[in-house]
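Here is a friendly walk through a structure, from single residues up to whole chains. Keep the 3D view open as you read.

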Amino acid sequence: MHTHRVGLVVPSSNVTVETELPALLCRHPQARFSFHSARMRMRTVSAQQLAAMNAQRERCIMEIADAAPDVILYACLVALMTGEPGEHQRAEGAIAEQLATGGSQALVRSSAGALIEALTVLNAKRIAIVTPYLRPLAAKVVGYLEASGFEVADWRALEVAGNAEVGCISGERVMAAARSLDLSGTDALVISACVQMPSLSLVAAAEQEFGLPVLSAATAGAYSLLRGLRLPVAIPDAGRLLRADAAVAG
Amino acid sequence: MTGLSHKAKGVDHAAFPTFDPAATVRFYRDVLGFPVVHSICAAGWGPEDHPDFIHFFFDIGNGDRIAFFYYFGLEPPAGGPQGDVYARFAADAPRFFIRSRHLAIHVDSDEDLTEYQRRLDGSEWPCTLRLQHETIESIYTDDPNGYMIEFTRALRPVTPQEDLDANLTIDALLDVVSGGNPSMDALLTRKAELIVERAADWEQRREAAQNEGAQRELTRS
């Protein structure tokens, strides 16, 4: 069986995306994956550190492309969603051009683009989101989603600036924030709009509890990677987004 | 006329290798004032093994770009004593042939042409020539990589008659090249034949156009 190589470009202090994506994709019924990361230095989620981190992208792509991945995920949602509308397309385009110039065949996805792709596939127009960010950054993420055509009916910012600390936010705290949202009339809940805030174990239960599609930066990322690799989307126990092809895959 | 619609929008970029990125940036950015507009850092990720490289772009006006590749640690491939850094030729290769390949950049006016001449003449790469042709005026220099660069301005618009003439020349050229023994004599003979063949048709069209015009005049009055 071909092992699909997944390249991850992550903030240096990130641990969650390298935990949740393998946990998700190893449940795939047909395919195998290996994961390879390149790191951009970033410890505090502030506008300055995010800008400094984005400047390291080119180096990270050089490093990760050397491993000949099948697909690369630029896994920092807030770094792109605090930019101007369309920033994820610009970043993905620049990475794709860099890869193509060097003859790499790797596909490019970003967790920001993946979230928009997943919300679109779910036909979600009105959404609610939980973020770990400081309020000004969270407001920018909300603005980015609204500029992308989604109505953000309600949102929470847990106001954690230290990225290592974001990786330790408890499931109880995330669920408490989700329960405090006004979900009336919403089509989907983004339980973690951040690849570093852990939420994988919450997605399926939250979907049961709230009775609407629940997704996270990680499940959206997994969805986008599978679609990019033309693999069936059939991951159990991670929300209906990842069961899109479950019947087909058996 | 091919009947094919013409969709192209000019030059996206024309790319060349350089072994002297510092001089290349001095020439294009600092002497000519062409902004650096793009760069890409990459490595050889395809089947061919090649060094890490940077691909960088200067705006040459109109959104068009000239681009360079700089490969870290690459030595220029061996070749003859003349040419540029991309193509080296033997000592006996004719100079006119080596100089035939060049990039010409358009400017609008005499003042603009003279301004670029002034910038070049004050640099390490002065103009080698200022030349007035029938329809254009040009200055020439070699960039730090030995590539011939021309700046040119049109002295008058190219007329439809000249387009017609160019197409006659090219049709005649294709005929004499396929005939197996091309020469200028054969080309001009063939071109004269084509003019005779087509003249009756042009005359008819010209008359038709004139009649149409006269008809419109009549209708109007």
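## Starting at B:Asp12

B:Asp12 counts as partly exposed, because its relative accessibility is 47%. This is a predicted model, so please read every value here as computed from it. B:Asp12 belongs to the segment before strand 1 (13-17) of chain B. Leaving out residues up to four places away in sequence, B:Asp12 touches B:Gly63, B:Asp64 and B:Arg65.

For a longer view across chain B, take B:Glu134, which is 122 residues from B:Asp12 along the chain. The C-alpha atoms of B:Asp12 and B:Glu134 are separated by 29 Å.

## Backbone angles to look at

Most residues other than glycine have a negative phi. Against that background, a few residues deserve a look. B:Asn62 is not a glycine, yet its phi is positive, at about 65°. You will find B:Asn62 in the loop between strand 3 (53-59) and strand 4 (65-71) of chain B. Is B:Asn62 buried or exposed? With a relative accessible area of 74%, B:Asn62 is exposed, since the cut-off for that class is over 50%.

Chain A offers a similar stop at A:Glu159, a residue that is not a glycine and has a positive phi of about 60°. A:Glu159 sits in the loop between strand 6 (151-157) and helix 8 (163-166) of chain A. Its relative accessibility is 42%, so A:Glu159 counts as partly exposed. Another positive phi, near 55°, belongs to A:Asn123, which follows helix 6 of chain A.

## Helix 6 of chain A

Helix 6 of chain A covers residues 111-121. How many of the 11 residues of this helix are buried? Eight of them are, so helix 6 is largely enclosed by the rest of the structure. The cut-off behind that statement is a relative accessible area under 20%.

The buried residues begin with A:Ser111, A:Ala112, A:Gly113 and A:Ala114. A:Leu115, A:Ile116, A:Ala118 and A:Leu119 complete the list of buried residues in helix 6 of chain A.

## Chain A as a whole

Chain A has 12 helices and eight strands. Its radius of gyration is 17 Å, which agrees with the value near 18 Å that a compact globule of 250 residues would have. Taken along the principal axes, the C-alpha atoms of chain A fill a box of roughly 50 × 45 × 30 Å. Of the 250 residues in chain A, 56% are buried.

What share of the contacts in chain A between residues at least 6 apart in sequence joins residues at least 24 apart? The share is 74%. The accessible surface of chain A is about 9700 Å², and 50% of that belongs to carbon and sulfur atoms. As for charge, chain A carries 21 positive and 23 negative side chains, with the centres of the two sets 2 Å apart.

## Chain B as a whole

Chain B has five helices and 10 strands. The radius of gyration of chain B is 24 Å, well over the 17 Å that the globule rule gives for 221 residues, so chain B is more spread out than a compact globule. Along its principal axes, the C-alpha trace of chain B spans about 75 × 50 × 40 Å. Buried residues account for 29% of the 221 residues in chain B.

Among contacts in chain B with a separation of 6 or more, 44% come from residues 24 or more positions apart. Chain B exposes about 14400 Å², with 55% supplied by carbon and sulfur atoms. Chain B has 21 positive and 36 negative charges, and the mean positions of these sets are 4 Å apart.

## Domains

Where do the domains of chain A run? The assignment gives domain 1 as 3-111 + 219-249 and domain 2 as 114-217. The contact between them takes 43 residues from domain 1 of chain A and 36 residues from domain 2 of chain A. Over C-alpha atoms, the centres of these two domains of chain A are 18 Å apart.

Chain B is also divided, into domain 1 (13-154) and domain 2 (160-205). Taken over C-alpha atoms, 35 Å separate the centres of domain 1 and domain 2 of chain B.

Notes. Residues are numbered from 1 along each chain as its sequence is written. Chains are lettered from A and ligands numbered from 1 in the order in which they are written. This is a predicted model: local features need pLDDT of at least 70, side-chain atom pairs count only at pLDDT 80 or more; totals for chains, interfaces and linings use all residues. Side-chain values use heavy atoms; hydrogens and water are left out. Helices (H or I, at least four residues) and strands (E, at least two) are DSSP runs, numbered from the N terminus. The radius of gyration is taken over C-alpha atoms; the globule rule is 2.2 Å times the number of residues to the power 0.38. Buried means under 20% relative accessible area, exposed over 50%, partly exposed in between (1.4 Å probe, protein chains only). Contact means heavy atoms within 4.5 Å. Accessible areas come from the Shrake-Rupley method with a 1.4 Å probe; for residues, only the protein chains shown count as cover. Lys and Arg count as positive and Asp and Glu as negative; His and the chain ends are not counted. The place of a charge is taken as NZ of Lys, CZ of Arg, CG of Asp or CD of Glu. Domain bounds come from an automatic or database domain assignment.
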